[in-house]
Amino acid sequence: MKLVRREVPPDLSRAGEPGGTLRSQIRRGLRVAIVQKADQEAGALTEGVVRDILTSSPEHPRGIKVRLESGEVGRVRRILSR
């Protein structure tokens, strides 16, 4: 089995750009794209609106964990709207 490492995009603040590693950038009602645990290898993103912020630390290198209004849980990979 060959393991391929993907480069983590920089944390940028403009809407539609990669981001989500800083808790201060995430808030309820924000539209984001997350990667769910089951989809981490494939890198499939799920879009939705943040209902709850689950990560308590101010930053996380793999993305802040959130619960969407749909109930799905994952780490923020992209901020879609401010």
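Select G43 to begin, and the view should centre on the loop between β1 and β2, where this glycine has its place. The model in front of you is a predicted one. In it, G43 is partly exposed, because its relative accessible area of 28% falls between the 20% limit for buried residues and the 50% limit for exposed ones. Add R77 to the selection and draw the distance between the two C-alpha atoms: although G43 and R77 are 34 residues apart along the chain, these atoms are separated by 9.7 Å.

Next, select residues 31–35, which form strand β1, together with residues 73–79, which form strand β4; the two run antiparallel and are joined by 4 bridges. Within this pair, pick out I34 and then V76, its bridge partner in β4.

From β4, step back to β3, with which β4 pairs in the antiparallel sense over 3 bridges. The two strands form a hairpin, with 4 residues between them, and G71 in that turn is worth selecting for its backbone, since its phi is positive, at about 95°.

Now keep V66 in the selection, as this residue leads in two directions. On one side, its bridge partner in β4 is G74; in the other pairing, V66 in β3 stands opposite I53. Extending the selection from these residues to residues 45–53, strand β2, and residues 65–68, strand β3, brings up an antiparallel pair held by 3 bridges.

With the pairs in view, colour the strands by element and look at how they join up. What does the order β1-β2-β3-β4 make? The 4 strands form a closed barrel, with antiparallel pairing. Neighbouring strands of this sheet are turned against each other by 75° on average, if direction is ignored.

Finally, release the selection and show the whole protein chain, which has 4 strands and 0 helices, so that a trace from the N terminus passes through the elements as β-β-β-β. Colouring by burial would mark 30% of the 82 residues as buried, while a surface display would cover an accessible area of about 5,600 Å², 48% of which belongs to carbon and sulfur atoms. If contacts are drawn instead, and those with a separation of 6 or more are kept, residues 24 or more positions apart account for 50% of them.

Note on methods: Residues are numbered from 1 along each chain as its sequence is written. This is a predicted model: local features need pLDDT of at least 70, side-chain atom pairs count only at pLDDT 80 or more; totals for chains, interfaces and linings use all residues. Side-chain values use heavy atoms; hydrogens and water are left out. Two strands pair if DSSP finds at least two bridges between them. Axes are lines fitted to C-alpha atoms, for helices over the stretch in contact, and angles run from 0 to 180 degrees between N-to-C directions. Buried means under 20% relative accessible area, exposed over 50%, partly exposed in between (1.4 Å probe, protein chains only). Contact means heavy atoms within 4.5 Å. Accessible areas come from the Shrake-Rupley method with a 1.4 Å probe; for residues, only the protein chains shown count as cover.
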